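Colleague: I should be grateful for a close look at a single part of this model. Please set out your reasoning as you go.

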Amino acid sequence: MPVESGDEIVAVLEHDTIAVVGCSSTPGKAAHGVPKYMRRNGYDVIPVNPYADEIFGSTAYDSLADVDEAIDVVCIFRPSEEVGDVVDTALERDEIEAIWTQLGIRDDEAVDRAEAGGKTVVQDYCMKVQHRRLVA
């Protein structure tokens, strides 16, 4: 079952490096504003977007599998029907500790696979809102 308590969410937010799958280069979109906020608050944000070369001055990777840096948390800004593929790719990487789906994004079967694979999962919560509520 995905984590929901404040303490469990804070534990996920204590990690430093977040790969944002679906990170947007378009100001005004949540997929741009949330990772920008996380960067301003000290996180190393790795953008994953096959349609951008760079976002926030950082290389944008085509897929999670292409990221050559260590990742602590995968934050997903993709439609719910795409979560399963992202989770499956995340499960191939041992260093990933947690998977976070943004507000309105759900896939219970993918959550079950992630948890069975040893990953902590936060589902259907906004990372920025939770950071502001629990950490900032």
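Which residues are exposed on the other side of α4?

Modeller: The model is a predicted one, and the answer is to be read in that light. On the other side of α4, the exposed residues are Glu109 and Ala116. That side is best understood against the buried one. Helix α4 spans residues 108–116, and its buried residues are Ala110, Val111 and Ala114. Viewed down the axis of α4, these buried residues fall within an arc of 105°, and they therefore line one face of the helix. A general property of helices bears on this pattern: with 3.6 residues a turn in an α-helix, residues three or four places apart point the same way.

The covering of the buried residues of α4 includes α3 (83–91), β6 (98–101) and β7 (120–122). As for the ends of the helix, Asp107 caps the N-terminal end of α4. In this cap, a side-chain oxygen of Asp107 lies 3.1 Å from the backbone nitrogen of Glu109. Glu109 thus appears twice in this account, as an exposed residue and as the residue whose backbone nitrogen faces the capping oxygen at that distance. After α4 comes Gly118, which has a positive phi, near 90°.

Strand β1 offers a useful contrast. Five of the five residues of β1 (residues 17–21) are buried, so the strand is largely enclosed by the rest of the structure. In a regular strand the side chains alternate between the two faces of the sheet. In β1, Thr17, Ala19 and Val21 point one way, while Ile18 and Val20 point the other way, and all are buried.

The pairing of β1 involves two other strands. Five bridges join β1 to β2 (residues 44–48), and these strands run parallel. Within this pairing, Ile18 has Val45 of β2 as its bridge partner. Between β1 and β2 the chain passes through helix α2 (residues 30–40), and this β-α-β crossover is right-handed. Four bridges join β1 to β5 (residues 73–76), again in a parallel arrangement. There, the bridge partner of Val20 is Cys75.

One residue of β1 may serve as an example. Thr17 belongs to this strand. Its relative accessible area is 12%; because the limit for a buried residue is under 20%, Thr17 counts as buried. Leaving aside neighbours within four places in sequence, Thr17 is in contact with Asp44, Ile46, Ala70, Ile71, Asp72 and Val73.

Methods
Residues numbered from 1 in each chain as written. Predicted model: local features only at pLDDT ≥ 70, side-chain atom pairs only at ≥ 80, totals over all residues. Heavy atoms only, no water. Buried < 20%, exposed > 50% of the residue type's maximum accessible area, 1.4 Å probe, protein only. Pairing = 2+ DSSP bridges. Right-handed = clockwise from strand over helix to strand, strands pointing away. Contact = heavy atoms within 4.5 Å. Arc of directions from axis to C-beta. Polar contact = N/O pair within 3.5 Å; in protein donor to acceptor, adjacent residues only side chain to side chain.
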